[in-house]
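Me: I should like to learn how to read strands and chain contacts in a model of this kind. Could you guide me through one?

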Amino acid sequence: MRLKILFFLMIIPFLVKGIDFETSGYVKYLFSGAKLPFIQKRLNDHLLHARLNTRWYVTSDLSFSLETRWRTYYGQSVEDIPDFKERITHDYEFSDLGWELIKKNRLFSFAEIDRLYLDYQAPKWQITLGRQRIAWGTSLVWNIIDLFNPMSILDFDYEERPGSDAVRFQYFTGSLSRIEFAYQPAPSNNKQIFALLWATHYGEYDLFFLAGMKHHRKTAGFAWTGYIKDAGFRGEFRVSDPLSEGPQTPAPLPELPSLTNDKRISVQGVLSFDYSFPNSFYVHSELLYNRNGRTRNAGFYQLQAAKADMLTPAKWSLFQEFAYDFHPLVRGDVFVFYNPDDRSGLIAPSVSWSVFTNVDLYLIGFVIRGKSSSEFGAMGNAGFLRLKYSF
Amino acid sequence: MKKKLFIKQGKSFFLLVMSFMLLNSAFLFADQKGTEIVRKANDQLRGKSSIITATLTVIKPNWTRSISMKIWSLEPDYALILITKPARDKGTITLKRKREVWNWLPSIRRMIKIPPSMMLQPWMGSDFTNDDLVRESSIVEDYTHTIIGEEKIGGYDCYKIRFDPKPEAGVVWGKIIAWITKKNYLELKAEYYDEDGQLIKSMLGSKIKKMGGRLIPSYWEMIPQNKKGHKTIIEYHSIKFNVKIDPSFFSQQNMKRIR
């Protein structure tokens, strides 16, 4: 039934003449081969992934957006990874708006709506209601002032990120300044988020000031983005109520301390620099500090850290990236994550090639180093090949 | 790193805009009669503000790529660029205010501020170089120009004018030779020579059309010398000159609004 409604929503623009609408999207094929530490076999999987974005302009100020995502997996992971569905889907607070289409041995097909919102724009303000993406922050890897759904660079095949079921109001005070309010309701107090963001501009810097409440913890932060000479310089900083005042989750192992027992004020900070040389060589460095982060056994804390609003389980995280255009259509990139406390890391070399107009080939590998209890040692080695057609 | 790819595209769009602006101001040369002709040719292409739709195509021996865009600009400090094609980049918006540049990336719904070091790299091997784009403004003062003859280009009678760098000027070109029509003052051809007198590249204007109330060449080719099968084309689809836009139009709010 719900699927029929979805289908109906999607074809309306094609049925009703005179509706002003735009569509776009892509179809991707992704092959992945992975060796995970907790599974004996190497896992080979195929994923066919389509995205369809539609936006109807009811008037020039009022629009309705619907974006759907269709994934069909075929491979060993479907069979061998327990809770496969939970691992590849996002848990929304109210309704998932997701449908299992096929589940048969190695085949798994899933459709979902990850954007569904109304947007109204007045000359000075804008209101957006529904499942939407609220992307705050200035850094390119870690966005600690993004209270809603910070991006994850390792999840490269879903750069759109899941939406947030929220209401967002923006009041524009100038060409480069605004005040924003966003609220994400939830059945439980512990899951609600509300935040006020003030964006302003000084010299050649964009400045952001944040105050809010996330998962029952008060929080405040600021971020900036600007230039040091010709280089990019940005950063983010946030303090929050202690983790002990938020929702409690159990320690990953009984003999380890729980992150949510920490009674200290939470402090997080990010610094980010990048520079492009005239020959296209690109250098990008980032540093993340998290007072609640673990210096030992970080690998065990991945899940608990994610639930506790931490971008990594580590106290210190380093990121370094280099990129270069080998050809106008071919870009090579390599980035490294490094945890200086447990000396574990991840290296990700990649190549992207614009094969034809709108057809892109992408190859990326994740190579890990570290003990099994370390932050990256607990992850797996993996290689991916992706062909993408945009329309 | 996906985002990094986007950013890389974004910075290149900025360069494209510079390419378009080059057409608006590359011919600001001055010297008595030559000066007068050149100024008129330049006025023909220039507006205080404009809305342009155009396509840039890079042609290489083995491949070709095109990008189409709509550009709102208010000289010299403000521009908004909306990518309309190809699909992979569609909806990407670049805002320029003086030295600052932001990209709006629709797929990740994020605004990213682009550092100056990232802005000046050629888009997919375009034959417009940074020197073309960045140094053009100084060409006004840095060259003298002399009428050296008259020739027909594409059936139009043209003045042939030579530009020589002034001794103290630190310019890239040894000389430039340009052809400007006697009627309507349209620049139809320019040749760029290095300091040894070697021809490096030529720019050709054609498909003269009335756009924005003016007669202008709507099709431009930049052809590098000694590189067979290489060329970059800019084609204007529509132009509106001197539209009413003030600096407040070039806002982060409008970045997400314009269509």
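**Reading a strand and its partners**

Reply: This is a predicted model. In chain B, strand β1 and strand β2 (residues 64–74) run antiparallel and are joined by eleven bridges. Four residues separate β1(B) from β2(B), and the two strands form a hairpin. Within this pairing, B:I59 has B:T64 of β2(B) as its bridge partner.

Me: With which strand does β1(B) pair over ten bridges?

Reply: That strand is β13(B), residues 231–241, and the pairing is again antiparallel. Here B:A54 is found opposite B:Y236.

Me: Which side chains of β1(B) are buried, and which are not?

Reply: In a regular strand, side chains alternate between the two faces of the sheet. Strand β1(B), residues 49–59, shows such alternation. B:S50, B:I52, B:A54, B:L56 and B:V58 point to one face and are buried. B:S49, B:I51, B:T53, B:T55, B:T57 and B:I59 point to the other face and are not buried.

Me: How many helices and strands does chain B have, and what share of its residues is buried?

Reply: Chain B contains four helices and 13 strands. Of its 259 residues, 44% count as buried.

Me: How many residues of chain A are in contact with chain B?

Reply: The size of an interface is often given as the accessible area lost when the parts come together. Counted by residues in contact, 37 of chain A meet 32 of chain B. On the chain A side, β11, β12, β13, β16 and β17 each supply at least two residues. That side comprises 15 nonpolar, twelve polar and ten charged residues.

Key
Residues are numbered from 1 along each chain as its sequence is written. Chains are lettered from A and ligands numbered from 1 in the order in which they are written. This is a predicted model: local features need pLDDT of at least 70, side-chain atom pairs count only at pLDDT 80 or more; totals for chains, interfaces and linings use all residues. A residue is buried if 20 or more other C-beta atoms lie within 10 Å of its own, exposed if 12 or fewer, and partly exposed in between; C-beta atoms are placed from the backbone. Two strands pair if DSSP finds at least two bridges between them. Two residues are in contact if their C-beta atoms, placed from the backbone, lie within 7 Å. Ala, Val, Leu, Ile, Met, Phe, Trp, Tyr, Cys and Pro count as nonpolar, Asp, Glu, Lys and Arg as charged, and the others, Gly among them, as polar.
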